[in-house]
Amino acid sequence: MTLRNIDALFHPRGVVIYGAADGEAQSQLLRNIEASVAPDQYRHVTSRAGLAKIDNFEARLAVIMDASWGTEARIDALGARGCRAVLWAANRRISGKVLRAAQPYNLRLLGSRTAGIVQTRLGNNFSTLALEPRPGKVALITQSQSLAAASLDWALGRNIGFSWLACSGAEADIDIADLLDYAALDPRTRAIVLQVGQIRSPRKFMSSARAAARVKPVLVLQTRRAVDDGPLGPDPVRSAAFARAGLVECENLGGLFDGLAAMELLPTVGSHRVVVVGNGAGACALGTDAMFRHAIEPARLSSESRETLTTKAPQAADLGVAIDIGRSDLKDTLSALAHICRDDNVDAVLFVHSPIAGQPHEPMVKAIAEAEFSHRIMTVWLGLHTALAARAASAQARLATFASADDAVRAVRYRARYQFTRELLTATPPPDPTVTADVDSLRERLTMLASGGVEWLSSDEASHLLSAYGIAGETPAETAVRVRVRVYRHAEFGMVMSVRDEALGIDPAYGFAPLDALLARRMLEGASAGRLRGTRAAFEALAQALVRLGKMVVDLPQLAGLDIRVAAGPRGRLQAPADSLIEITDKPIAERDRLAMSPYPARMRHIVSLRGDTRYIVRAIRPSDEPLVLDLLESLSPEEIRLRFFNFIRHFSHDMAARITQVDYDREVSLVVSPYDRPDALAGMGTLIADPDNVEAEFAILVHRDHTGVGLGRHLLDCLLRQASARGTEIVYGDVLAQNRPMLQLARSLGFKVKRSLDDASSVRVEIPSRDYHSPSKGTG
């Protein structure tokens with residue numbers, strides 16, 4: 001994965017600095033560079049006369065202190081000499097001319113108004129930060145210099161280290177999406193902390209965020225500028241986007257690092273099964289009250305554990321919702337905690353400790369830190385005078401420690417939310433409802449109306465459009481459940497859908513087209529705060545209506561806004577929307593700005609006749625194809641499995657099938673093939689997965705043994721190669737076992753070059769520049 005030279009920021013071979021430091025921030029940057037780079041590996045130029053000393057110096061990274069050095073000619077010269085990244089430390093914005101000069105060399109620019117980057121493993125500090133981060137396994141990505149400094153200070157206070165940190169600043173080139181991709185692929189990064197102040201490219205951000213959240217926890221804090229329009233506080237549309245991507249949103253900076261502490265130090269917490277333990281009834285009450293405030297029921301010990309607890313700590317008492325260890329001494333307290341941690345009903349223990357007479361904090365901190373069960377303990381040290389030292393000692397000992405019981409419970413909620421979002425990312429939706437709308441005719445009609453000056457559709461036109469998407473019906477006699485659905489353009493995320501149950505008077509829920517039935521159900525649940533009204537049939541009918549409306553948003557770029565009330569009766573019959581407001585435009589915005597999520601590529605569907613007049617249906621994969629994919633994989637012979645997956649796999653899990661079927665169509669092409677007379681079965685599939693820069697893409701082909709010999713594998717690979725060419729992918733490659741002669745023969749026949757694999761002696765790499773491929777096929781792929 002190239003990530004287009006971002007690696008040059010973190011692992012530069014040679015650094016050249018242009019301009020004198022101006023102000024404390026740039027002076028700190030210069031001191032950090034001088035402290036982290038060997039003297040023979042950097043040059044500092046402050047005058048034109050000094051240019052001569054870098055004539056023969058090879059620099060992969062340039063640092064611009066003074067914008068007068070960052071000219072178009074300078075950038076062109078840097079690119080020509082092999083420089084691959086620029087840290088723009090000057091406050092003046094990077095001009096369009098400079099960006100255009102960098103493009104031919106794939107020269108990446110970070111900034112302006114950036115705090116820089118720090119790579120802790122190699123000790124590379126190219127930042128304006130006065131504090132030195134500890135090494136760790138967390139990547140910190142911010143857009144704000146001030147929040148980068150504050151986050152580092154928080155992390156040092158919690159003894160949390162970073163694999164690296166980067167501040168994207170004004171994001172003329174490198175943005176938070178690029179850095180998310182880098183963090184997702186970094187094997188030394190286990191979790192990601194992200195601060196978002198502005199999102200410039202929604203599709204790119206959502207694609208990167210989803211890719212990162214699939215492989216590691218991503219905690220996000222959103223901030224808004226004082227000049228931003230709209231209501232104060234977090235933007236609920238952003239929050240909906242974060243949830244759709246699988247990110248865990250935190251309310252504030254403290255919460256961000258509380259959540260991170262739970263992620264890093266409490267690996268066993270996957271649910272809300274937390275037992276509250278305190279050294280007094282009041283301490284227990286603080287813990288249980290915090291649990292109830294966050295709508296979490298404290299866990300209870302098993303009956304067997306409750307019966308034997310007093311043998312471990314005679315002064316301990318089971319209060320039902322908490323365990324009061326009372327005035328147990330240090331030995332009995334540890335024995336009780338160890339006993340509770342072994343209970344099968346318990347994922348973690350919230351230990352609230354008060355410095356009562358005879359039970360100071362310090363010995364308790366030391367004893368818990370040395371105990372083998374400490375990774376399951378969350379500690380809250382009450383007070384301030386001695387509690388500050390106890391918290392510092394706990395952090396130093398790598399205990400999950402929090403300033404209050406509420407902070408600890410909030411962190412548990414974040415930890416559990418991460419597990420929940422991971423499950424949502426891989427949930428298998430049911431098949432989408434059938435929509436038979438004539439999209440081309442509808443687009444032509446809307447274009448004609450908009451070009452004629454129409455801004456709002458008439459009642460008849462609106463009714464016709466909604467009916468085309470199956471959102472129509474007679475008014476039922478029985479009482480209906482009604483929701484208000486709006487579609488409008490958001491400043492950052494393009495077209496947004498909102499749903500509100502006005503009868504309940506709560507805030508709307510937000511979503512993004514396209515929707516599937518699971519996403520639509522979650523929107524309805526959010527719009528009712530879980531208090532669903534009406535029957536299950538009515539609920540499902542409304543969910544289907546949302547899916548259809550989402551498809552309408554995807555299909556019709558002329559749609560500028562929508563405001564309707566959709567209702568369903570107890571038997572699931574939709575009520576014809578009344579007073580529907582549908583706005584259209586004669587100036588549709590580009591799809592990538594209009595849709596935050598990549599739509600399903602229906603255009604890839606085609607029918608192909610192969611050898612012996614065998615006909616197949618080829619189309620892009622859908623998440624609802626998971627059962628078909630599992631059936632195909634389970635039907636493979638052990639040898640077929642080994643040739644495709646390089647290993648013997650006895651069982652194909654839901655998680656594995658979800659990774660295959662739930663794809664990001666912006667980065668991946670995944671095709672499935674069905675016999676023409678059996679569309680509910682799969683004969684094969686092919687995938688093409690591009691790196692984030694679209695420089696290289698890896699292909700894989702699988703054809704069931706009952707369908708070999710007719711040219712199906714050749715057709716699939718031809719489709720993938722033509723897609724790569726259309727998307728501008730430079731290189732297509734595949735790893736093939738050396739014994740897989742049919743696949744190697746096919747690759748050679750299509751022009752692939754066979755090379756030795758540097759990673760595995762049992763396999764070879766086949767690759768081809770997509771521009772060199774000339775398709776023999778005339779079909780659609």
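**Exercise 1.** Does Thr189 count as buried or exposed, and what is its relative accessibility? Place the residue in the chain and list what surrounds it.

*Solution.* The model is a predicted one. Step 1: Thr189 sits in the loop that runs between α6 (176-185) and β10 (191-196). Step 2: residues under 20% relative accessible area are called buried. Thr189 has 4% relative accessibility, so Thr189 counts as buried. Step 3: setting aside neighbours within four places in sequence, the contacts of Thr189 are Lys137, Ala139, Ser163, Trp164, Ala183 and Lys216. Step 4: with one of these, Trp164, the side chain of Thr189 makes a polar contact of 3.4 Å.

**Exercise 2.** Check the length of helix α10 (residues 281-293) against the expected span, then work out how its buried residues are arranged.

*Solution.* Step 1: the helix has 13 residues, and at 1.5 Å a residue these should span 18 Å. The C-alpha atoms at its ends are 18 Å apart, which agrees. Step 2: Ala283, Cys284, Gly287, Thr288, Ala290 and Met291 are the buried residues of α10. Step 3: viewed down the axis of α10, these buried residues fall within an arc of 155°, so they line one face of the helix. The background is that an α-helix has 3.6 residues a turn, so residues three or four places apart point the same way. Step 4: on the face turned away from the buried side, α10 carries the exposed residues Ala281 and Arg293. Step 5: the packing partners of the buried residues of α10 are β13, β15, β16 and α15 (405-425). Step 6: after α10 comes Ala295, which has a positive phi, near 60°.

**Exercise 3.** Repeat the length check for helix α12 (residues 330-341), and name what covers its buried residues.

*Solution.* Step 1: for the twelve residues of α12, a rise of 1.5 Å a residue predicts a span of 16 Å; the end C-alpha atoms lie 16 Å apart, in agreement. Step 2: buried in α12 are Thr333, Ala336, Leu337, Ala338, His339, Ile340 and Cys341. Step 3: the elements covering them include β13 (274-278), α11 (303-312), β15 (323-324), β16 (348-353), α13 (361-370) and β17 (377-381).

**Exercise 4.** Which residues touch the most other members of the largest nonpolar core?

*Solution.* Step 1: this core has 54 residues, and Phe205, Leu247 and Phe493 touch the most other members. Step 2: α6 supplies the largest share of the core, six residues. Step 3: a second, separate core holds 50 residues, among them Leu449, Met497, Val499 and Leu515. Step 4: returning to Phe493 and not counting residues up to four places away in sequence, its contacts are Ile199, Pro202, Phe205, Met206, Val237, Arg238, Ala241, Phe512, Arg594 and Ala596.

**Exercise 5.** Describe the setting of Ala724 in helix α24 (residues 712-727).

*Solution.* Step 1: the relative accessible area of Ala724 is 0%, so the residue is buried. Step 2: leaving out residues up to four places away in sequence, Ala724 touches Leu688, Thr729, Val732 and Ser770. Step 3: Val669 is 55 residues away from Ala724 along the chain, yet their C-alpha atoms are separated by 8.8 Å.

**Exercise 6.** What radius of gyration would a compact globule with 781 residues have, and what does the protein have?

*Solution.* Step 1: the globule value is near 28 Å, and the protein has 30 Å, which agrees. Step 2: the C-alpha trace spans about 85 × 85 × 60 Å along its principal axes. Step 3: the protein contains 25 helices and 32 strands, and 55% of its residues count as buried. Step 4: of the contacts between residues at least 6 apart in sequence, 70% join residues at least 24 apart.

Methods:
Residues are numbered from 1 along each chain as its sequence is written. This is a predicted model: local features need pLDDT of at least 70, side-chain atom pairs count only at pLDDT 80 or more; totals for chains, interfaces and linings use all residues. Side-chain values use heavy atoms; hydrogens and water are left out. Helices (H or I, at least four residues) and strands (E, at least two) are DSSP runs, numbered from the N terminus. Buried means under 20% relative accessible area, exposed over 50%, partly exposed in between (1.4 Å probe, protein chains only). A polar contact is a pair of N or O atoms within 3.5 Å; within protein, one must be able to donate a hydrogen and the other to accept it, and residues adjacent in sequence count only if both atoms are side-chain atoms. Contact means heavy atoms within 4.5 Å. A nonpolar core is a set of buried Ala, Val, Leu, Ile, Met, Phe, Trp, Tyr and Cys residues joined through side-chain atoms within 4.5 Å. The expected span of a helix is 1.5 Å times one less than its number of residues. The arc is that of the directions from the helix axis to the C-beta atoms. The radius of gyration is taken over C-alpha atoms; the globule rule is 2.2 Å times the number of residues to the power 0.38.
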